[in-house]
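Subject: Structure handover

Hello,

Here is the structure I said I would pass on. Please look through it before reading the notes underneath.

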Amino acid sequence: MTARQKRIALINDVTGFGRCSVTVQLPLISAMRIQACPLPTAILSVHTGFPKHYLDDYTAHMRPYMENWTENGLDFDAILTGFLGSEEQIEVVLDAVHRFKGRDTLIIVDPVMGDNGRLYSSYTPALCAKMRQLLPHADVVTPNLTEACQLLDLPYPADGEVTENELLVMAKRLAAMGPQDVIITGLHAGNCVRTYLYEAGVGSSFDNVKIGRDRSGSGDIFAAIVAASLVRGISLSEGAKCAAAFIGHCLSFAEELDLPWNYGLPFEEFMGELTKL
Ligand SMILES: Nc1ncnc2c1ncn2[C@@H]1O[C@H](COP(=O)(O)OP(=O)(O)O)[C@@H](O)[C@H]1O
Ligand SMILES: Cc1ncc(COP(=O)(O)O)c(C=O)c1O
């Protein structure tokens, strides 16, 4: 049988400016020699981290779009979900999983909902609650601390500080909701950023030196590189470390360029690194 290239369906928004979602995930996944196939959830002029944005909700188009993928007999090695704009869209994602999940298809849920203890402007508590319905179908979930607290209905810790033991308890609870593996990203750890991994029942963490400030799009880049790594057969911890290192290089360059935080990460200069993975 002829080998075919691997492919990932990206259920995420297409944002024209601000380097997030499909416009960063697609080029990075392509650099890792995997075909990226977007199923758009919304089209935005700029992301919601800008004071004004234009958002065209794509919900009504998603079902006929998927129907056509089904008619064309498409299947995927992974499905990566990101920014979802309405409760109805979560139903559509569940339908997509039902249609396109084969025996070996990985489902990676990046529950994009908020950061630093606050929800993004388009996220209602009802939408966050609905997001929990994706977890039973996920193999891997990649929340930041804000999103992990939302999914578990826990208050966000006042200073954003959590112990390893608290992280283990949170990760176990998230895993009990469905995914085998959990990554909690972007944890404050002094002058470092900690990433917590819960892989097949075992918790661990690694630190990276904190570079500059939080910038939009880091989570999308992280999820894309982890998803593409898993599809390439690279382990979760190795993929997560590669993603964090890549983000670090982009962040240093963003500081050098003195980019506004909401312009995202200037990843274009570093894509060559991913072609070697
Ligand atoms: N300022 C930073 N310095 C170094 N690494 C960072 C920084 N911000 C993010 N990262 C890396 O990117 C990963 C994802 O970032 P995070 O901020 O959690 O994403 P999100 O956009 O989902 O909140 C982190 O786990 C960390 O490895
Ligand atoms: C439309 C949209 N997509 C995706 C994101 C996710 O960005 P991040 O990767 O920083 O979580 C945001 C955050 O503002 C957004 O507004």
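The notes below cover the ligand, the domain annotation, the nonpolar cores, the aromatic pairs and one loop residue. Please keep in mind that this is a predicted model.

Ligand 1

Ligand 1 is surrounded by 16 residues. The closest of them are N144, T185, G186, T195 and I211. Three of these can be described atom by atom. G186 has a polar backbone atom 2.9 Å from an oxygen atom of the ligand. For T195 the side chain is involved: one of its polar atoms is 3.0 Å from an oxygen atom of ligand 1. I211 has a backbone N or O atom 2.9 Å from a nitrogen atom of the ligand.

Domain record

UniProt, in an unreviewed entry, lists residues 73-252 as "domain: Pyridoxamine kinase/Phosphomethylpyrimidine kinase". In the model, the C-alpha atoms at the two ends of this span lie 43 Å apart. Residues 73-252 are 41% helix and 22% strand.

Nonpolar cores

The largest nonpolar core has 47 residues. Within it, the residues with the most contacts are I11, L84, Y123, M131, L134, V182 and I184. Helix 3 gives the most to this core, namely seven residues. A second core, separate from that one, has 39 residues, among them L10, L80, F206 and L236.

Y123 can be looked at more closely. Setting aside neighbours within four places in sequence, Y123 is in contact with F83, L84, V112, M113, C128 and M131. L84 and M131 are also among the residues with the most contacts inside the largest core.

Aromatic pairs

The count of aromatic pairs comes to ten. One of them is formed by Y65 and W69, whose ring centres are 5.4 Å apart. Their planes stand at 65°, and because an angle over 60 degrees counts as edge-to-face, the Y65 and W69 pair is edge-to-face. Both residues belong to helix 2 (residues 59-71), and because they are four residues apart there, about one helical turn separates them. Is each of the two buried or partly exposed? Y65 is partly exposed, with a relative accessible area of 26%, while W69 is buried at 10%.

F76 and F100 make another edge-to-face pair, with 5.5 Å from centre to centre and 90° between the planes. F76 sits in the loop between helix 2 and strand 4 (78-81), whereas F100 is in helix 3 (residues 87-100), so this pair ties together parts that are 24 residues apart in sequence. Because buried means under 20% relative accessible area, F76 at 3% counts as buried, and F100 at 4% is buried too. The four residues of these two pairs, with Y58, form one aromatic cluster.

Loop residue Y263

Y263 lies in the loop between helix 8 (236-257) and helix 9 (271-275). Which residues does Y263 touch, leaving aside its neighbours within four places in sequence? They are F17, G18, R19, F50 and S216. Along the chain, R19 and Y263 are 244 residues apart, yet their C-alpha atoms are separated by 6.4 Å. With a relative accessible area of 31%, Y263 is partly exposed.

That is what I have for now.

Regards

Methods
Residues numbered from 1 in each chain as written. Chains lettered and ligands numbered in written order. Predicted model: local features only at pLDDT ≥ 70, side-chain atom pairs only at ≥ 80, totals over all residues. Heavy atoms only, no water. Buried < 20%, exposed > 50% of the residue type's maximum accessible area, 1.4 Å probe, protein only. Contact = heavy atoms within 4.5 Å. Phe/Tyr/Trp six-rings, centres within 6.5 Å; stacked < 30°, edge-to-face > 60°. Core = buried A, V, L, I, M, F, W, Y, C linked by side-chain atoms within 4.5 Å. UniProt positions renumbered as here; feature names shortened; annotations may be inferred. Near = heavy atom within 4 Å. Polar contact = N/O pair within 3.5 Å; in protein donor to acceptor, adjacent residues only side chain to side chain.
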